[in-house]
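Me: I want the reasoning behind the labels. Please take them one at a time.

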Amino acid sequence: MTTTAIDRVSILGSDSIVVGYDLVPALVAEILRDLPSSKYVLVTDTNISKMHLESFKSTFAKLTRESEDPPRFLSYVVPPGEGSKSREMKAAIEDWMFVNQCTRDTVLLALGGGVIGDMSGYVAATFMRGIRYVQIPTTLLAMVDSSIGGKTAIDVPYGKNLVGAFWQPTRIFVDLAMLETLPEREFINGMAEIIKTAIFWDEEEFIRLERDVEKFTAAFRNRDPATGIVDLSSILPILRALVVGSIKVKAFVVTADEREGGLRNLLNFGHSIGHAYEAILTPEILHGECVAIGIVKEVELARYLGLLSDSTVARITRVLSAYGLPISAQDPVVQKRTSGRLTPADQLVKVMTVDKKNAGSKKRIVLLTGIGKTLEKKASVVADDDIKFVLAPDVIVNMPALPADASVPVTPPGSKSITNRALLLAALSDGPTKLVNLLRSDDTEHMMTAIAQLSGATFGWTTTETGEDVLEVNGRGGKLVASELDVYLGNSGTSSRFLAAIVTLAEPSATAASVVLTGNKRMKERPISPLVDALSGNGAQIAYLEAPGSLPLKITAGKNLRGGRIELAATVSSQYVSALLMAAPYAKSPVTLALVGGKPVSQAYIDMTIAMMASFGVTVIKSATEEHTYEIPTGVYTPPTTYIVESDASSATYPLAFAAITGTTCTIPNIGSSSLQGDAKFAVDVLRPMGCTVVQDATSTTVTGPAQGTLKALGTIDMEPMTDAFLTASVLMAFASGTTRITGIANQRVKECDRISAMATELSKFGVIALEHPDGLEVRGATASELCVPHEGVKTYDDHRVAMSFSVFASAVPQPVLVRDRHCVEKTWPGWWDVLRRKFEVSLEGYEDISRQSGKAFDTANPGSIFIIGMRGAGKTYVGHLIAKVLGHKFQDLDDYLEAKTGKKIPQIIADEDWTGFRARELGVLNEVMEKYPRGHVFACGGGIVETPEARNRLKEFMGHGGTVVYVHRDLEKVLEHLNVDETRPVYGADHFTAWRRRQPWFADCSNYFLYNIDARTPEEIVNSITYTI
Ligand SMILES: NC(=O)c1ccc[n+]([C@@H]2O[C@H](COP(=O)([O-])OP(=O)(O)OC[C@H]3O[C@@H](n4cnc5c(N)ncnc54)[C@H](O)[C@@H]3O)[C@@H](O)[C@H]2O)c1
Ligand SMILES: [Zn+2]
């Protein structure tokens, strides 16, 4: 594609959108030709004018030099930022246009992001009842979103975008060259809208986004240090395709909406929940960033409702995060930027109540059923409880409603080790394979991207009618081609090790004679030398580019493995062995792989690799004469038509245990006696002796539990062969008749947490006798009626296995059981709760205890005085009274205090002493009460207290000595409603909204507690909603 090509997109029946690169000369010419006028007025902001205004000026001058009566070109430059979307700014521009004798034939050019576009568009809409205007968007967000559709607006004190008009621009010129100066964060912000559109509308676009992520992020990070400008040439064609694609969707929807009510709601995908986050996290977190968080929650909601698969949710989340967007409000960057502001589920749900799309009190959300597919061609009605479940961190588990004769098939996510091997073997095969039940993780993504980059195979996702995601791999029989771009593998150890061996197969290309494998900082510290030594000894040419012994590696292409005898020290990692085994058939002659230095670690993984190679047509023979030695013939992998990735056997223990504990039946259709995973023995070796009926064939397992309450204890059981399953076993033991001692699991003390201690502690909370041993756990069984249920719930230690075990346990407890921090299951089974709810009919409720979540509760017993800050009208007095009531403190408004002290009303003080005098007095009062009343008081400060650095420092110092400052925030609309009726106070000079934007960071900085003020709450509810923020 040439850079001069131009795309035209039609909207509302006119080809008015023009997309291209370096468009200024062409667009100026087109404007002069198609929108003739005596005057052109360009509006932009100071950031953009520095970089782009000059070229407009000079092009206009150049192109009109010859004309007899050249039109005038004027420009108006405003400060950057949302503050410029104001009435004042609009008036100033209009007045300036009058002074410059603009008339009805004047053409306005809006050069900028959404702020400039919205505000100048509104000027154009009303100036002399409407003049022609042209949008020249300069941010990615403006290119794909705000410049299209004709919505123009300004912000007013009552809220954002509340005054405006529909006014279609005559032309929209999207010049991709403008993006070369855009800051990285703004670029990422705009990507959120592009990704959003691809998700609900266009799977192919989404696949391109998945494929090109590295290229994009690399291009946008790679700035000229002197100018800050990025070189877009490497990504221009794909960037252009994405922008055009996204514009087309928006243009189509906007055009169609006139006839089809509701379709336009689709554009709000991710926004229903995203806006709720935005209400709390703005202005520190940008719109697109909040939309990213909203998308994740909205797709989790669809999964919870049984509409979307685990792997699709994983795909979406991964893409957002790969482009640098936050995927949760707990994201460290979001937390840092907002000083740890909390986003409690109840508050989010309440903010959502005022969404314009709602049907009465029912909330509407766009529900995704697959990439590019939605449940309805509009937003669907969703119950509050379901939304709350998705937003809340904790869950209450109730008894299941499942009948005893229920028989439930469950397919847990694919095994990670099998997935990685299957992917590589399929790629190395000669021909196509369908991989089913693949686990999507960072490892798989890195592996796929790398193989595709080296032209080793092509990949395509499809979804079956039953909603299963299938990966079609077109293998090229081990033919790889060197690529000039580095192959980036993140922190994926498996991909790095496997690929180091496989890349020795690569042939040089016209542009690259070697391949560089690299990773993130952590990966660059992880060892790889035993493998590199073995490969180098066999003909490969490999150099360490940084620290010896670790990535990055430079592997020379065309230096294939010779074959013959390879010796490898395999006492550190079995991944080296697997890597060599899988690469060996493509060596020039058969390989004899001898593992030296003692017993190899993790023999099970070596066996797994060998068994899987056999499934792909290559038989490895164990040497009959030499210990730990394997013979690998040369040959080409032959692909099976379909390869089903076995589910993770550790994950499978939870549904099987559920059947055992509830007396129902569960089938795992893809794990059986032939499984190579250690935990696959759980059904036969643990559940059967406990009294379950286990039916197992080579590839499936069915467990039926005995009547509830009749599980048998096992005496002593050595769980060394399946250590990860001990947590599942121990919750079953708690319901068994008698005592069981589990041994051989000492390694479980150093997993995500000390699991032995965690299980003992949490079981004990229910009154179960559970004793720790150095290498195990002893559990005495109890009956359901003997159990007591802890109010504080089950702590999960950020350990997925603790959470999943206790969810099974809770299903057999008659009372509701609270399980904390349920999201930790996402490490291995993100959809576990959804399976529990839908398949096992366990009723779940979202729960959140904010005081606990913050780590530091608002202490109602603290006798110290409390200061309340926040905008006027936020409800400081109202809230202050209630807090004082609950704490038994005395309430005092500092403005009242000042008035009483001076005998003057505040407006009078300001009239007499000016604002400076008033602020000094305000500070004096603050100092005075802090000294005089360190205890027993609640003080509400004036809204402007944070305006002076002295007062801000005083508040920080107060907090530094353990004092409490609560920042009360309220919907700005509500604030202004209140201010409107409150005529007793002076009106600020600047508009309230601008004041709030300025003060917001100071409020956050000068407080250690936060309260999002929602009307109509009891004093206790108010106090319980106060959250710790630092
Ligand atoms: N009208 C609509 O349909 C619609 C849709 C979505 C958003 N919006 C509005 O859009 C606004 C947000 O727009 P935005 O995200 O584009 O933010 P923005 O206009 O504030 O621009 C973001 C920042 O990037 C700078 N910038 C812009 N282009 C640049 C460039 N090429 N090089 C260097 N710096 C550049 C700006 O000066 C600014 O500091 C909001 O007011 C929102 O309400 C409107
Ligand atoms: Zn948006």
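**Labels and their cut-offs**

Me: Why is glutamate 193 called buried?

Reply: Its relative accessibility is 1%, so glutamate 193 counts as buried. Buried means under 20% relative accessible area, exposed over 50%, partly exposed in between (1.4 Å probe, protein chains only). This is a predicted model: local features need pLDDT of at least 70, side-chain atom pairs count only at pLDDT 80 or more, and totals for chains, interfaces and linings use all residues. Residues are numbered from 1 along each chain as written, chains are lettered from A and ligands numbered from 1 in written order, and side-chain values use heavy atoms, leaving out hydrogens and water.

Me: What makes Glu193 a donor of the zinc ion (ligand 2)?

Reply: Donors are N, O and S atoms within 2.8 Å of the metal (3.2 Å for Na, K and Ca); water is not among the atoms, so sites may look incomplete. The protein donors here are Glu193 (OE), His271 (NE2) and His287 (NE2), at 2.0 to 2.1 Å from the zinc ion. Along the chain their spacing reads E-x77-H-x15-H. Glutamate 193 in helix α6 (residues 184–201) and histidine 271 in helix α9 (residues 271–281) are 78 residues apart, a pair linking distant parts of the chain. Helices are DSSP runs (H or I, at least four residues), numbered from the N terminus.

Me: Is histidine 271 buried or exposed, and how do you know?

Reply: Histidine 271 has 5% relative accessibility, so it counts as buried.

Me: Why is α1 called oblique to α2?

Reply: The axes of helix α1 (residues 24–34) and helix α2 (residues 46–64) come within 10 Å and cross at roughly 55°. That makes α1 oblique to α2. Angles under 35 degrees count as roughly parallel, over 145 as roughly antiparallel, 65 to 115 as roughly perpendicular and the rest as oblique. Axes are lines fitted to C-alpha atoms, for helices over the stretch in contact, with angles from 0 to 180 degrees between N-to-C directions.

Me: Which residues of α1 and α2 meet?

Reply: Val24, Pro25, Leu27, Val28, Ala29 and Leu32 in α1 meet Ser55, Phe56, Thr59, Phe60, Leu63 and Thr64 in α2. Contact means heavy atoms within 4.5 Å.

Me: Why is serine 49 called buried?

Reply: Serine 49 has a relative accessible area of 17%, so it is buried. Serine 49 sits in helix α2. Beyond its neighbours within four places in sequence, serine 49 is in contact with Thr44, Glu54 and Val77.

Definitions and conventions:
Helix = DSSP H or I, 4+ residues; strand = E, 2+ residues; numbered from the N terminus.
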